[in-house]
Amino acid sequence: MPATPSPHPRDPHRPPHPYADAPYTHSRAGALSPASPARPSYPWQPPAPPAPPPHRAPRHAPLGRHSDLRRLRRAYRWQRRTATLTALGYFVLFLTLSACAPSFMTGTVTGVPAGLLLAVGQVPVTWLAVALYETTARRRVDPLAALIRRQAVVDARREAAR
């Protein structure tokens, strides 16, 4: 069967159809026939990027995998949890007693309602939480952070010398 000409001529400014170069199979014939001469399917695409240069392994472990960094994260996490649980724990205790034990909260201790004493006690407990936060920062977190800073400076000098 002869090929029928296309009713519309091909636009030279449009790219060819993606399957124009591929062989096709007629549903009844079962044999492959070339649709057109071989040419690249997507000539308008840019060429493939060049291969990246080979990676040079560092002489020492990177800072992110360092055990001191893990210790710093652990110390900071402990510091946050301790201070938060101190302040919030006391406040939750106050709210729980207000809701579940109103007779205790309205009872008097040396002429002052216990609820008022517990409410006023929230301020020193918050100060205690802040003091705990600062103490643990000075003892555990700040020395580790200073050590990591010094190591980062040394690492940066090593990289700059390369």
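# Reading a predicted model, feature by feature

Guide: The protein has four helices and four strands. The model is a predicted one.

Visitor: In what order do the elements of the protein run from the N terminus on?

Guide: The order is β-β-α-α-β-β-α-α. Some of these elements will return below: helix α1 covers residues 67–100, helix α3 covers residues 114–120, and helix α4 covers 122–161.

Visitor: How many of the 162 residues are buried, as a percentage?

Guide: Buried residues make up 16% of the 162. A residue is called buried under 20% relative accessible area, exposed over 50%, and partly exposed in between.

Visitor: Which residues form the largest nonpolar core?

Guide: The general idea comes before the case. In soluble globular proteins, nonpolar side chains tend to be buried together. In this model, the largest nonpolar core has seven residues: Leu 69, Leu 72, Ala 75, Val 141, Leu 144, Ala 145 and Ile 148. Helices α1 and α4 each supply at least two residues of this core. The most come from α4, which gives four residues.

Visitor: Take Leu 144 as one member. Is Leu 144 buried or exposed?

Guide: Leu 144 sits in helix α4. Its relative accessibility is 9%, so Leu 144 counts as buried. A pair of C-alpha atoms can also show how parts of a chain are placed in space. Leu 144 and Tyr 76 are 68 residues apart along the chain, and their C-alpha atoms are separated by 10.0 Å.

Visitor: Can I read helix α3 in the manner used for Leu 144? Where is Leu 118, and how is Leu 118 classed?

Guide: Leu 118 is found in helix α3. Leu 118 is classed as buried because its relative accessible area is 19%, and the cut-off for that class is under 20%. Leu 117 is also found in helix α3, but Leu 117 is partly exposed, with a relative accessible area of 42%.

Visitor: What separates these two leucines from Met 105 in space?

Guide: From Leu 118 to Met 105, the C-alpha distance is 8.5 Å, with their positions 13 residues apart along the chain. From Leu 117 to Met 105, the C-alpha distance is 9.1 Å, and the two are twelve residues apart along the chain.

Visitor: How many salt bridges does a search of the whole structure find?

Guide: The search finds two. To read one, look for a side-chain nitrogen of Lys or Arg within 4 Å of a carboxyl oxygen of Asp or Glu. Arg 138 forms a salt bridge with Glu 134, and their closest N and O atoms are 3.9 Å apart. The other pair is Asp 155 and Arg 158, whose side chains meet at 3.4 Å, N to O.

Visitor: Where do the partners lie along the helix?

Guide: Arg 138 and Glu 134 both lie in helix α4, four residues apart, about one turn of the helix. Asp 155 and Arg 158 are three residues apart in helix α4, so about one helical turn separates them.

Visitor: Which of the four partners are buried, partly exposed or exposed?

Guide: Arg 138 is exposed, with a relative accessible area of 53%. Glu 134 is partly exposed at 43%. Asp 155, at 17%, counts as buried, whereas Arg 158, at 43%, counts as partly exposed.

Visitor: Which residues form a positive surface patch?

Guide: Arg 70, Arg 73, Arg 74, Arg 77, Arg 80 and Arg 81 form a positive surface patch. One of them, Arg 81, has its place in helix α1. Arg 81 counts as exposed because its relative accessibility is 53%.

Visitor: Ser 98 has its place in helix α1. What can be read from Ser 98 and Gly 115?

Guide: Their C-alpha atoms are 7.4 Å apart in space, and the residues are 17 apart in sequence. Ser 98 counts as partly exposed at 32% relative accessibility.

Visitor: What is the phi of Thr 110?

Guide: The general idea again comes before the case. Most residues other than glycine have a negative phi. Thr 110 has a positive value, near 50°, in a residue other than glycine. Thr 110 lies in the loop between β3 (108–109) and β4 (112–113). With a relative accessible area of 77%, Thr 110 is exposed.

Notes. Residues are numbered from 1 along each chain as its sequence is written. This is a predicted model: local features need pLDDT of at least 70, side-chain atom pairs count only at pLDDT 80 or more; totals for chains, interfaces and linings use all residues. Side-chain values use heavy atoms; hydrogens and water are left out. Patches are made of residues with over 30% relative accessible area and no salt bridge: like charges are joined within 9 Å, nonpolar side chains (Val, Leu, Ile, Met, Phe, Trp, Tyr) within 5 Å. Accessible areas come from the Shrake-Rupley method with a 1.4 Å probe; for residues, only the protein chains shown count as cover. Lys and Arg count as positive and Asp and Glu as negative; His and the chain ends are not counted. The place of a charge is taken as NZ of Lys, CZ of Arg, CG of Asp or CD of Glu. Buried means under 20% relative accessible area, exposed over 50%, partly exposed in between (1.4 Å probe, protein chains only). A nonpolar core is a set of buried Ala, Val, Leu, Ile, Met, Phe, Trp, Tyr and Cys residues joined through side-chain atoms within 4.5 Å.
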